[in-house]
Amino acid sequence: MHDFMIAMRLPATLTERFLSLIPQQRKQIDRLLGEGRPTSFSLASDRSQCWATMLAESEGEVHAILESFPLREFMHVQVRKLAFSENAPRVFAHISLN
């Protein structure tokens, strides 16, 4: 598996069709995150662009996954294979049963 960085530029004007597809898009991202395919997914505060890191065998596999996005037709996508991608470990509070 290789790490890839995906930059997705979104349209400046959000049409009614675009807005109606957001719930489906979020479900798809949540499902994929649960599978560990994207290792991160971020949206700019101005909602103009998204970024994701993804584990895949090839750039072709990344594009196949992106094609499953309900909002794909509205996105301008750039994919780059990464030499590495490091993330801070997620630390969860220790739970005491006492």
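Q: Which side chains meet R72 in a salt bridge, and how is such a bridge recognised?

A: A salt bridge is a side-chain nitrogen of Lys or Arg within 4 Å of a carboxyl oxygen of Asp or Glu. Here the side chain of R72 meets that of E67, at 3.4 Å from N to O. The model is a predicted one, in which local features need pLDDT of at least 70 and side-chain atom pairs pLDDT 80 or more, while totals for chains, interfaces and linings use all residues. Residues are numbered from 1 along each chain as its sequence is written, and side-chain values use heavy atoms, with hydrogens and water left out.

Q: Where is R72 placed, and what else does R72 touch?

A: Helices (H or I, at least four residues) and strands (E, at least two) are DSSP runs, numbered from the N terminus. R72 is in the loop between α2 and β4. Contact means heavy atoms within 4.5 Å. Leaving out residues up to four places away in sequence, R72 touches L66, E67 and V77. In addition, the R72 side chain reaches the backbone oxygen of M75 at 2.7 Å.

Q: How many salt bridges does the structure hold?

A: There are four salt bridges. In one of them, E73 pairs with R17, and the closest N and O atoms are 3.0 Å apart. E73 lies in the loop between α2 and β4 and R17 in helix α1, so this pair ties together parts that are 56 residues apart in sequence.

Q: Which residues form a salt bridge with closest N and O atoms 2.6 Å apart?

A: These are R37 and E61. The pair links distant parts of the chain, with R37 in the loop between α1 and β2 (38-43) and E61 in helix α2, 24 residues apart.

Q: Is R37 buried or exposed?

A: Buried means under 20% relative accessible area, exposed over 50%, and partly exposed in between (1.4 Å probe, protein chains only). R37 has 17% and is therefore buried, whereas E61, with 23%, is partly exposed. E67 counts as exposed at 53%.

Q: How many residues does the largest nonpolar core have?

A: A nonpolar core is a set of buried Ala, Val, Leu, Ile, Met, Phe, Trp, Tyr and Cys residues joined through side-chain atoms within 4.5 Å. The largest has 20 residues, and those with the most contacts inside it are I6, M8, V62, L66 and F69. At least two residues of this core come from each of β1 (2-9), α1 (16-35), β3 (49-56), α2 (59-67) and β4 (76-81).

Technical notes
A polar contact is a pair of N or O atoms within 3.5 Å; within protein, one must be able to donate a hydrogen and the other to accept it, and residues adjacent in sequence count only if both atoms are side-chain atoms.
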